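Reader: I should like to go through the reasoning behind the descriptions of this model. Please show the structure before we begin.

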Amino acid sequence: MPHWSKSRWVIVPLIIAVVVLAWNGYVALHAGGDVEGRVVDAAGRPVPDATVILLERHFVMHNERQRTHTNSSGYFRFSGNDNHSLQLEAEATGLGRSERRVVRLWFRAQNVRLSEPLQFAGRLP
Amino acid sequence: MQRRRTFLRHSALLGICAGMLLPFYWVLKTAVTNENIYAYPPRLLPTSPHLFNFVDVWYFIPFPRYLLNSLIVSALVVVCNIGFNAMAGYALTKSFPAKRAVLLVFLSCMLIPFQATIIPAYLITSKLGLLNSYFGLALPLLSTIVCIFVFKAAFEAVPQSLVDAARIDGLTEWRIILRILLPLSKAAIATNVVLAFIWSWNAFLWPLIITRDPTMQTLPLGLARFLSYLEDTTGALYAFAVMVLAPSIFVFLMAQKEFIRGLTSGATKG
(Lines give C-alpha, C1' and ligand atoms only; values in the text may rest on other atoms or scores of the structure.)
Protein backbone atom coordinates (compact mmCIF):
# COMPACT_ATOMS: atom_id res chain seq x y z
CA MET A 1 0.00 0.00 0.00
CA PRO A 2 1.55 3.35 -1.01
CA HIS A 3 2.60 5.66 1.82
CA TRP A 4 0.32 8.50 0.73
CA SER A 5 -2.77 6.31 1.08
CA LYS A 6 -2.22 6.15 4.85
CA SER A 7 -2.32 9.94 5.19
CA ARG A 8 -5.22 11.39 7.16
CA TRP A 9 -5.78 13.74 4.21
CA VAL A 10 -6.76 10.65 2.20
CA ILE A 11 -8.38 8.45 4.84
CA VAL A 12 -10.69 11.03 6.44
CA PRO A 13 -12.14 12.42 3.16
CA LEU A 14 -12.54 8.82 1.98
CA ILE A 15 -14.53 7.92 5.11
CA ILE A 16 -16.67 11.04 4.64
CA ALA A 17 -17.27 10.14 0.99
CA VAL A 18 -18.32 6.61 1.95
CA VAL A 19 -20.72 7.90 4.63
CA VAL A 20 -22.24 10.42 2.18
CA LEU A 21 -22.66 7.77 -0.50
CA ALA A 22 -24.21 5.32 1.97
CA TRP A 23 -26.62 7.97 3.24
CA ASN A 24 -27.63 8.92 -0.30
CA GLY A 25 -28.21 5.27 -1.09
CA TYR A 26 -30.41 4.93 1.97
CA VAL A 27 -32.33 8.08 1.01
CA ALA A 28 -32.85 6.83 -2.55
CA LEU A 29 -34.30 3.58 -1.23
CA HIS A 30 -36.63 5.17 1.31
CA ALA A 31 -37.87 8.33 -0.40
CA GLY A 32 -41.20 7.10 -1.69
CA GLY A 33 -43.24 9.95 -0.17
CA ASP A 34 -45.63 7.61 1.70
CA VAL A 35 -47.12 8.75 4.99
CA GLU A 36 -49.38 6.30 6.74
CA GLY A 37 -50.96 5.72 10.11
CA ARG A 38 -54.18 5.09 11.98
CA VAL A 39 -56.91 7.18 13.52
CA VAL A 40 -58.56 6.07 16.75
CA ASP A 41 -61.07 7.47 19.21
CA ALA A 42 -60.45 8.10 22.91
CA ALA A 43 -61.07 4.43 23.65
CA GLY A 44 -58.54 3.33 21.04
CA ARG A 45 -61.14 2.03 18.56
CA PRO A 46 -60.38 2.69 14.88
CA VAL A 47 -62.37 5.54 13.33
CA PRO A 48 -63.56 4.72 9.80
CA ASP A 49 -64.14 7.40 7.16
CA ALA A 50 -62.38 10.14 9.14
CA THR A 51 -60.81 12.88 7.08
CA VAL A 52 -57.05 13.15 7.57
CA ILE A 53 -55.35 16.38 6.55
CA LEU A 54 -51.66 16.62 5.70
CA LEU A 55 -50.09 20.04 6.14
CA GLU A 56 -46.57 20.85 5.07
CA ARG A 57 -44.27 23.51 6.39
CA HIS A 58 -43.31 26.51 4.30
CA PHE A 59 -40.82 28.61 6.24
CA VAL A 60 -43.00 29.84 9.12
CA MET A 61 -46.43 28.56 8.06
CA HIS A 62 -48.07 25.19 7.57
CA ASN A 63 -50.24 24.89 4.47
CA GLU A 64 -52.69 22.13 3.68
CA ARG A 65 -51.33 19.86 0.99
CA GLN A 66 -53.50 16.74 0.85
CA ARG A 67 -56.60 15.13 2.31
CA THR A 68 -57.56 11.51 2.53
CA HIS A 69 -60.05 9.27 4.35
CA THR A 70 -59.50 6.37 6.69
CA ASN A 71 -60.68 2.91 5.72
CA SER A 72 -62.82 0.62 7.88
CA SER A 73 -59.80 -0.17 10.09
CA GLY A 74 -59.03 3.51 10.66
CA TYR A 75 -56.00 3.25 8.42
CA PHE A 76 -54.95 6.09 6.14
CA ARG A 77 -52.18 6.59 3.62
CA PHE A 78 -50.85 9.61 1.74
CA SER A 79 -48.57 9.26 -1.21
CA GLY A 80 -46.49 11.79 -3.11
CA ASN A 81 -45.34 13.77 -0.06
CA ASP A 82 -42.20 15.72 -0.93
CA ASN A 83 -41.67 17.69 2.26
CA HIS A 84 -39.64 17.03 5.39
CA SER A 85 -41.70 18.84 8.02
CA LEU A 86 -45.36 17.85 8.25
CA GLN A 87 -48.39 18.12 10.44
CA LEU A 88 -51.27 15.64 10.45
CA GLU A 89 -54.76 16.22 11.71
CA ALA A 90 -57.92 14.14 11.59
CA GLU A 91 -61.56 15.23 11.66
CA ALA A 92 -64.74 13.18 11.82
CA THR A 93 -68.41 13.96 12.18
CA GLY A 94 -69.41 13.80 15.81
CA LEU A 95 -65.80 13.58 17.04
CA GLY A 96 -64.49 16.97 15.99
CA ARG A 97 -60.77 17.31 15.34
CA SER A 98 -57.86 15.36 16.69
CA GLU A 99 -54.74 16.99 18.06
CA ARG A 100 -52.40 18.16 15.34
CA ARG A 101 -49.39 15.84 15.14
CA VAL A 102 -46.03 17.20 14.11
CA VAL A 103 -44.10 14.76 11.95
CA ARG A 104 -40.43 15.56 11.33
CA LEU A 105 -38.64 13.59 8.66
CA TRP A 106 -34.91 13.07 8.13
CA PHE A 107 -35.18 13.81 4.43
CA ARG A 108 -37.74 14.89 1.87
CA ALA A 109 -40.33 12.30 0.88
CA GLN A 110 -39.19 9.87 3.57
CA ASN A 111 -41.59 6.95 3.92
CA VAL A 112 -43.07 7.12 7.38
CA ARG A 113 -45.57 5.17 9.44
CA LEU A 114 -46.87 6.88 12.56
CA SER A 115 -45.85 4.97 15.67
CA GLU A 116 -48.80 6.39 17.61
CA PRO A 117 -52.23 6.81 15.97
CA LEU A 118 -53.99 10.14 15.66
CA GLN A 119 -56.46 10.18 18.50
CA PHE A 120 -59.75 11.98 18.97
CA ALA A 121 -60.70 13.27 22.40
CA GLY A 122 -64.25 11.90 21.95
CA ARG A 123 -65.56 8.33 21.65
CA LEU A 124 -67.41 6.69 18.83
CA PRO A 125 -71.08 5.99 19.65
CA MET B 1 4.91 20.80 45.84
CA GLN B 2 5.81 20.44 42.18
CA ARG B 3 2.80 18.16 41.61
CA ARG B 4 0.49 20.67 43.30
CA ARG B 5 1.81 23.48 41.14
CA THR B 6 1.27 21.37 37.99
CA PHE B 7 -2.24 20.52 39.13
CA LEU B 8 -3.06 24.19 39.70
CA ARG B 9 -1.60 25.19 36.36
CA HIS B 10 -3.53 22.50 34.51
CA SER B 11 -6.74 23.38 36.36
CA ALA B 12 -6.33 27.02 35.36
CA LEU B 13 -5.66 26.03 31.73
CA LEU B 14 -8.69 23.74 31.71
CA GLY B 15 -10.82 26.57 33.12
CA ILE B 16 -9.59 28.97 30.42
CA CYS B 17 -10.23 26.34 27.71
CA ALA B 18 -13.74 25.74 29.02
CA GLY B 19 -14.38 29.50 29.02
CA MET B 20 -13.19 29.81 25.43
CA LEU B 21 -15.19 26.81 24.25
CA LEU B 22 -18.38 27.88 26.04
CA PRO B 23 -19.68 30.08 23.15
CA PHE B 24 -19.17 27.18 20.71
CA TYR B 25 -20.92 24.83 23.09
CA TRP B 26 -23.78 27.30 23.42
CA VAL B 27 -24.16 27.57 19.65
CA LEU B 28 -24.15 23.77 19.35
CA LYS B 29 -26.60 23.38 22.23
CA THR B 30 -28.98 25.94 20.70
CA ALA B 31 -28.68 24.21 17.31
CA VAL B 32 -29.89 20.88 18.71
CA THR B 33 -32.77 22.36 20.69
CA ASN B 34 -35.30 25.06 20.03
CA GLU B 35 -34.30 27.03 23.10
CA ASN B 36 -33.90 30.75 22.76
CA ILE B 37 -30.29 31.73 23.24
CA TYR B 38 -31.37 34.48 25.65
CA ALA B 39 -33.63 32.19 27.71
CA TYR B 40 -33.50 32.89 31.43
CA PRO B 41 -32.49 31.08 33.55
CA PRO B 42 -30.00 29.58 31.12
CA ARG B 43 -29.75 25.80 31.03
CA LEU B 44 -26.34 24.27 30.69
CA LEU B 45 -27.57 20.96 29.31
CA PRO B 46 -29.87 20.74 26.28
CA THR B 47 -33.42 19.57 26.86
CA SER B 48 -34.92 17.17 24.28
CA PRO B 49 -32.07 17.53 21.78
CA HIS B 50 -32.78 16.68 18.13
CA LEU B 51 -31.14 17.16 14.74
CA PHE B 52 -34.18 18.30 12.77
CA ASN B 53 -33.00 21.92 12.70
CA PHE B 54 -30.16 20.75 10.44
CA VAL B 55 -32.72 19.11 8.14
CA ASP B 56 -34.69 22.38 8.01
CA VAL B 57 -31.58 24.31 7.03
CA TRP B 58 -30.74 21.79 4.32
CA TYR B 59 -34.16 22.08 2.67
CA PHE B 60 -35.54 25.56 3.36
CA ILE B 61 -32.83 27.31 1.40
CA PRO B 62 -30.64 25.89 -1.39
CA PHE B 63 -28.00 24.84 1.13
CA PRO B 64 -26.34 22.21 -1.09
CA ARG B 65 -25.88 24.82 -3.81
CA TYR B 66 -24.30 27.32 -1.37
CA LEU B 67 -22.11 24.55 0.00
CA LEU B 68 -20.95 23.60 -3.49
CA ASN B 69 -20.22 27.26 -4.34
CA SER B 70 -18.23 27.74 -1.14
CA LEU B 71 -16.30 24.52 -1.72
CA ILE B 72 -15.42 25.44 -5.32
CA VAL B 73 -14.32 28.96 -4.37
CA SER B 74 -12.33 27.75 -1.37
CA ALA B 75 -10.64 25.00 -3.40
CA LEU B 76 -9.66 27.57 -6.06
CA VAL B 77 -8.33 29.90 -3.39
CA VAL B 78 -6.34 27.19 -1.62
CA VAL B 79 -4.76 25.78 -4.79
CA CYS B 80 -3.88 29.20 -6.23
CA ASN B 81 -2.59 30.40 -2.87
CA ILE B 82 -0.16 27.54 -2.56
CA GLY B 83 1.07 28.03 -6.14
CA PHE B 84 1.36 31.82 -6.19
CA ASN B 85 2.59 32.22 -2.63
CA ALA B 86 5.24 29.53 -3.02
CA MET B 87 6.53 31.27 -6.17
CA ALA B 88 6.50 34.69 -4.52
CA GLY B 89 8.05 33.32 -1.33
CA TYR B 90 10.83 31.66 -3.34
CA ALA B 91 11.51 34.88 -5.24
CA LEU B 92 11.82 36.76 -1.97
CA THR B 93 14.50 34.37 -0.73
CA LYS B 94 16.70 35.51 -3.63
CA SER B 95 18.78 38.65 -3.76
CA PHE B 96 17.69 41.14 -6.36
CA PRO B 97 17.75 44.93 -6.75
CA ALA B 98 15.10 46.75 -4.68
CA LYS B 99 14.27 43.59 -2.72
CA ARG B 100 14.00 45.67 0.42
CA ALA B 101 11.58 48.05 -1.30
CA VAL B 102 9.44 45.14 -2.47
CA LEU B 103 9.32 43.76 1.06
CA LEU B 104 8.36 47.19 2.36
CA VAL B 105 5.59 47.51 -0.22
CA PHE B 106 4.29 44.07 0.74
CA LEU B 107 4.36 44.90 4.43
CA SER B 108 2.70 48.28 3.95
CA CYS B 109 -0.02 46.70 1.77
CA MET B 110 -0.89 44.50 4.72
CA LEU B 111 -1.90 47.64 6.60
CA ILE B 112 -4.55 48.59 4.05
CA PRO B 113 -7.92 47.02 4.89
CA PHE B 114 -9.71 45.20 2.07
CA GLN B 115 -12.72 47.48 2.45
CA ALA B 116 -10.56 50.40 1.30
CA THR B 117 -9.63 48.67 -1.96
CA ILE B 118 -12.93 47.00 -2.67
CA ILE B 119 -14.05 49.49 -5.35
CA PRO B 120 -10.86 49.15 -7.46
CA ALA B 121 -11.04 45.38 -6.93
CA TYR B 122 -14.63 45.39 -8.16
CA LEU B 123 -13.73 47.49 -11.23
CA ILE B 124 -10.79 45.23 -12.11
CA THR B 125 -12.95 42.12 -11.71
CA SER B 126 -15.62 43.74 -13.87
CA LYS B 127 -13.10 44.64 -16.60
CA LEU B 128 -11.87 41.05 -16.57
CA GLY B 129 -15.46 39.91 -17.06
CA LEU B 130 -15.35 37.83 -13.91
CA LEU B 131 -18.34 39.26 -12.04
CA ASN B 132 -20.74 36.61 -10.85
CA SER B 133 -18.25 33.81 -11.47
CA TYR B 134 -16.31 31.39 -9.25
CA PHE B 135 -12.99 32.83 -10.36
CA GLY B 136 -14.23 36.34 -9.60
CA LEU B 137 -15.30 35.24 -6.14
CA ALA B 138 -11.85 33.82 -5.50
CA LEU B 139 -9.85 36.59 -7.17
CA PRO B 140 -8.94 38.88 -4.20
CA LEU B 141 -7.76 35.90 -2.15
CA LEU B 142 -5.74 34.13 -4.82
CA SER B 143 -2.56 35.29 -3.13
CA THR B 144 -2.14 36.66 0.37
CA ILE B 145 0.86 38.53 1.71
CA VAL B 146 0.87 36.82 5.10
CA CYS B 147 1.19 33.44 3.44
CA ILE B 148 3.93 34.70 1.10
CA PHE B 149 5.98 35.52 4.20
CA VAL B 150 5.15 32.11 5.70
CA PHE B 151 6.58 30.45 2.57
CA LYS B 152 9.55 32.81 2.53
CA ALA B 153 10.39 31.85 6.12
CA ALA B 154 9.95 28.16 5.40
CA PHE B 155 12.13 28.27 2.25
CA GLU B 156 14.85 30.20 4.07
CA ALA B 157 14.93 27.44 6.68
CA VAL B 158 15.87 24.88 4.02
CA PRO B 159 19.70 24.55 3.88
CA GLN B 160 21.10 26.43 0.89
CA SER B 161 23.39 23.46 0.20
CA LEU B 162 20.35 21.36 -0.75
CA VAL B 163 19.18 23.95 -3.27
CA ASP B 164 22.72 24.28 -4.64
CA ALA B 165 23.03 20.51 -4.98
CA ALA B 166 19.74 20.38 -6.84
CA ARG B 167 20.89 23.12 -9.16
CA ILE B 168 24.18 21.30 -9.85
CA ASP B 169 22.09 18.21 -10.66
CA GLY B 170 20.39 20.28 -13.35
CA LEU B 171 17.04 21.06 -11.79
CA THR B 172 15.30 24.20 -13.01
CA GLU B 173 14.00 26.82 -10.56
CA TRP B 174 10.45 25.45 -10.98
CA ARG B 175 11.56 21.93 -10.16
CA ILE B 176 13.60 23.14 -7.19
CA ILE B 177 10.39 24.62 -5.75
CA LEU B 178 8.32 21.55 -6.61
CA ARG B 179 10.79 18.76 -5.77
CA ILE B 180 12.97 20.23 -3.03
CA LEU B 181 11.39 23.18 -1.25
CA LEU B 182 7.69 22.31 -1.12
CA PRO B 183 8.17 18.75 0.22
CA LEU B 184 10.33 20.23 2.99
CA SER B 185 7.78 22.95 3.79
CA LYS B 186 4.74 20.93 4.79
CA ALA B 187 4.12 23.17 7.79
CA ALA B 188 4.01 26.24 5.54
CA ILE B 189 1.65 24.47 3.12
CA ALA B 190 -0.66 23.46 5.99
CA THR B 191 -0.64 27.02 7.33
CA ASN B 192 -1.47 28.30 3.87
CA VAL B 193 -4.26 25.77 3.40
CA VAL B 194 -5.86 26.57 6.74
CA LEU B 195 -5.62 30.35 6.45
CA ALA B 196 -6.69 30.52 2.80
CA PHE B 197 -9.58 28.13 3.38
CA ILE B 198 -10.88 29.96 6.44
CA TRP B 199 -10.55 33.42 4.86
CA SER B 200 -12.29 32.29 1.71
CA TRP B 201 -14.94 30.28 3.53
CA ASN B 202 -15.90 33.18 5.79
CA ALA B 203 -15.75 35.94 3.16
CA PHE B 204 -18.97 37.90 3.15
CA LEU B 205 -18.49 41.41 1.75
CA TRP B 206 -16.78 40.46 -1.53
CA PRO B 207 -19.26 37.73 -2.52
CA LEU B 208 -22.09 40.06 -1.55
CA ILE B 209 -20.80 42.69 -3.95
CA ILE B 210 -19.90 40.63 -6.98
CA THR B 211 -22.65 38.01 -7.08
CA ARG B 212 -25.85 38.90 -8.86
CA ASP B 213 -27.26 35.45 -9.31
CA PRO B 214 -28.60 33.72 -6.14
CA THR B 215 -27.24 30.41 -7.44
CA MET B 216 -23.70 31.83 -7.23
CA GLN B 217 -23.98 32.84 -3.59
CA THR B 218 -21.78 31.28 -0.93
CA LEU B 219 -22.65 30.05 2.55
CA PRO B 220 -22.16 33.34 4.48
CA LEU B 221 -24.57 35.03 2.05
CA GLY B 222 -26.94 32.09 2.48
CA LEU B 223 -26.83 32.65 6.22
CA ALA B 224 -27.84 36.28 5.76
CA ARG B 225 -30.60 35.21 3.37
CA PHE B 226 -31.80 32.55 5.78
CA LEU B 227 -31.94 35.11 8.56
CA SER B 228 -34.06 37.43 6.44
CA TYR B 229 -36.48 34.67 5.37
CA LEU B 230 -37.32 33.03 8.64
CA GLU B 231 -38.57 34.30 11.94
CA ASP B 232 -38.39 32.54 15.29
CA THR B 233 -35.57 30.37 14.04
CA THR B 234 -33.22 30.30 16.95
CA GLY B 235 -32.56 26.58 16.61
CA ALA B 236 -32.38 26.51 12.80
CA LEU B 237 -30.30 29.67 12.67
CA TYR B 238 -27.66 28.20 14.96
CA ALA B 239 -27.84 24.90 13.12
CA PHE B 240 -26.95 26.88 9.99
CA ALA B 241 -24.07 28.55 11.85
CA VAL B 242 -22.79 25.11 12.91
CA MET B 243 -23.03 23.82 9.34
CA VAL B 244 -21.09 26.83 8.06
CA LEU B 245 -18.46 26.51 10.79
CA ALA B 246 -17.97 22.76 10.58
CA PRO B 247 -15.83 22.60 7.38
CA SER B 248 -13.37 25.26 8.59
CA ILE B 249 -13.05 23.56 11.97
CA PHE B 250 -12.54 20.26 10.16
CA VAL B 251 -9.78 21.68 7.96
CA PHE B 252 -8.12 23.29 10.97
CA LEU B 253 -8.22 20.09 13.02
CA MET B 254 -6.79 18.11 10.11
CA ALA B 255 -3.86 20.50 9.71
CA GLN B 256 -3.46 21.90 13.22
CA LYS B 257 -0.08 20.33 14.02
CA GLU B 258 1.56 21.62 10.85
CA PHE B 259 -0.38 24.89 11.10
CA ILE B 260 1.04 25.70 14.53
CA ARG B 261 4.53 24.66 13.38
CA GLY B 262 4.21 26.84 10.28
CA LEU B 263 3.17 29.89 12.25
CA THR B 264 5.95 29.38 14.80
CA SER B 265 8.48 28.99 12.02
CA GLY B 266 7.25 32.22 10.47
CA ALA B 267 7.48 33.97 13.81
CA THR B 268 11.02 32.98 14.61
CA LYS B 269 12.71 33.04 11.23
CA GLY B 270 10.76 35.64 9.28
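Reader: What are the bounds of the domains that the assignment gives for chain B?

Author: In this predicted model, the domain assignment divides chain B into domain 1, residues 1-50, and domain 2, residues 51-269. Their centres, taken over C-alpha atoms, are separated by 31 Å. Domain 1 of chain B brings 11 residues to the contact, and domain 2 of chain B brings 9. By class, the domain 1 side has 5 nonpolar, 5 polar and 1 charged residues.

Reader: How do you know that the end-to-end distance of helix α1 of chain B agrees with its residue count?

Author: The helix covers residues 2-31 of chain B, and at 1.5 Å a residue its 30 residues should span 44 Å; the end C-alpha atoms are 43 Å apart, so the two values agree. The helix α1(B) nevertheless has a kink of about 40° at Leu22(B), shortly before the proline Pro23(B).

Reader: What makes α1(B) hardly covered?

Author: A residue is called buried if 20 or more other C-beta atoms lie within 10 Å of its own. Among the 30 residues of α1(B), the count that meets this criterion is 3. These are Lys29(B), Thr30(B) and Ala31(B).

Reader: Why are residues of chain B said to be in contact with chain A?

Author: The criterion is that C-beta atoms lie within 7 Å, and therefore residues of the two chains that meet it count as in contact. On this basis 10 residues of chain B touch 10 residues of chain A. Helix α2 of chain B, residues 52-60, supplies the largest share of the chain B side, 5 residues. By class, that side has 7 nonpolar, no polar and 3 charged residues.

Terms used: Residues numbered from 1 in each chain as written. Chains lettered and ligands numbered in written order. Predicted model: local features only at pLDDT ≥ 70, side-chain atom pairs only at ≥ 80, totals over all residues. Helix = DSSP H or I, 4+ residues; strand = E, 2+ residues; numbered from the N terminus. Nonpolar A, V, L, I, M, F, W, Y, C, P; charged D, E, K, R; others polar. Expected span 1.5 Å × (residues − 1). Bend = angle between axes of the 7 residues up to and from the residue. Buried ≥ 20, exposed ≤ 12 C-beta atoms within 10 Å, placed from the backbone. Domains from an automatic or database assignment.
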